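Open the model in your viewer and keep the selection tool handy. We will walk through a few helices and see how they meet.

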Amino acid sequence: MRMRSRRVRAVLAVTTAAVLGVAGCDAMGGDAHGTSGTQARRATPTAPVWDVSPASVAAVGDSITRGFDACTVLQDCPAVSWATGSAPEVNSLAVRLLGRAKAATHSWNYAVSGARMADLPGQMAQAAERRPALVTVMAGANDACRDSADAMTPVADFRTGFQEALRTLRRTAPKAQVYVASVPNLKRLWSEGRTNPLGKQIWRLGICPSMLGDADALDAAATRRRETVQRRVEDYNAVLREVCAQDARCRFDGGAVYAYRFGTDQLSHWDWFHPSRNGQARLAEIAYRQVVARGA
């Protein structure tokens, strides 16, 4: 009986090994020619690895990336741009990644002051011609900053514009990486700037009326208006996250710019809206941390 039991166990062991071997082969992609599971894993395509040391940088977006009102009133100042600027006090993303000398010849700024998401495909087409290793995107504030909350860009149109911008890039520069910054927190901008009498006076000239108009008003209508704008900004950021996630070479900042608790030192004292040089430097720090972070 003991010998028969040992023979039964031996037969069962051999049978089990054979079954597991076949199942393992099938599960790991084996075929009739005997491809092993390890070989099948090696043959499976993987997502591209994010390069934390890109060799060139192109920037698209709006007035924030152009350094508007950071140096002189009502003028662009690309030298202090968080993305591609050369100013030492900002230490832009391009300078941090490439070094100062190389950044001067291997970074390009195609952002346009006043641009909205609908303008991004055109900017992206220009950037793509350079075949950049990395493209930075910061857009959306102007889509929310309209004459009224009703005039803000619809979320569906915002999504369409961003999708088209990425498709435009991919047609010419399929391997370019994309860093997408979240839309800043406009309600925090209101809460910080409204404490400054000069800032409120300047806002009355028509800066972001949907959020900053009637800065001292705290009635139900004003509160509802600001909350509507804030929700739209959050919706825009959700679109940026979702669309970026569909592109293997795109990295969203996870809401880092939106969450940054800036103060008046980070705001231009020309308009109390755009980033100052200090604010541009903080944006460069955030971008650099996101771009060089390991993993998605």
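Begin by selecting helix α6, residues 120-128, together with helix α8, residues 155-172: their axes lie 8 Å apart and the two pack at an angle of about 15 degrees. Because angles under 35 degrees count as roughly parallel, α6 is roughly parallel to α8. Keep in mind as you look around that this is a predicted model.

Turn the pair until you look across one helix onto the other; α6 passes α8 in a right-handed crossing. Now show side chains. On α6, pick Leu120, Pro121, Met124, Ala125 and Ala128; on α8, pick Gly161, Phe162, Glu164, Ala165, Thr168, Leu169 and Thr172, and you have the residues that make the contact. Colour them by class and you should find 8 nonpolar, 3 polar and 1 charged.

Next stop: helix α12, residues 220-245. This helix has 26 residues and spans 37 Å from its first C-alpha to its last, close to the 38 Å expected at 1.5 Å a residue. Zoom in on its N-terminal end, where Asp219 acts as a cap: a side-chain oxygen of Asp219 lies 3.1 Å from the backbone nitrogen of Ala221.

Keep α12 selected and bring α8 back. The axes of α8 and α12 cross at roughly 30 degrees and come within 10 Å, and this crossing is right-handed. From α8, select Val155, Phe158, Arg159, Phe162, Gln163 and Leu166; from α12, select Arg232, Asp235, Tyr236, Val239, Leu240, Glu242, Val243 and Cys244, which together form the contact. Sorted by class, the α8 and α12 contact holds 9 nonpolar, 1 polar and 4 charged residues.

For the last stop, add helix α9, residues 186-193. How do the axes of α9 and α12 cross? They do so at roughly 135 degrees, coming within 8 Å, which means α9 is oblique to α12. Show Leu186, Lys187 and Trp190 of α9, then Arg226, Glu227, Val229, Gln230 and Val233 of α12, to see the residues in contact. By class, the contact of α9 with α12 has 4 nonpolar, 1 polar and 3 charged residues.

Technical notes:
Residues are numbered from 1 along each chain as its sequence is written. This is a predicted model: local features need pLDDT of at least 70, side-chain atom pairs count only at pLDDT 80 or more; totals for chains, interfaces and linings use all residues. Side-chain values use heavy atoms; hydrogens and water are left out. Axes are lines fitted to C-alpha atoms, for helices over the stretch in contact, and angles run from 0 to 180 degrees between N-to-C directions. Helices (H or I, at least four residues) and strands (E, at least two) are DSSP runs, numbered from the N terminus. Angles under 35 degrees count as roughly parallel, over 145 as roughly antiparallel, 65 to 115 as roughly perpendicular and the rest as oblique. A crossing is left-handed if the near helix is turned anticlockwise from the far one by less than a right angle, and right-handed if clockwise. Contact means heavy atoms within 4.5 Å. Ala, Val, Leu, Ile, Met, Phe, Trp, Tyr, Cys and Pro count as nonpolar, Asp, Glu, Lys and Arg as charged, and the others, Gly among them, as polar. The expected span of a helix is 1.5 Å times one less than its number of residues. A polar contact is a pair of N or O atoms within 3.5 Å; within protein, one must be able to donate a hydrogen and the other to accept it, and residues adjacent in sequence count only if both atoms are side-chain atoms.
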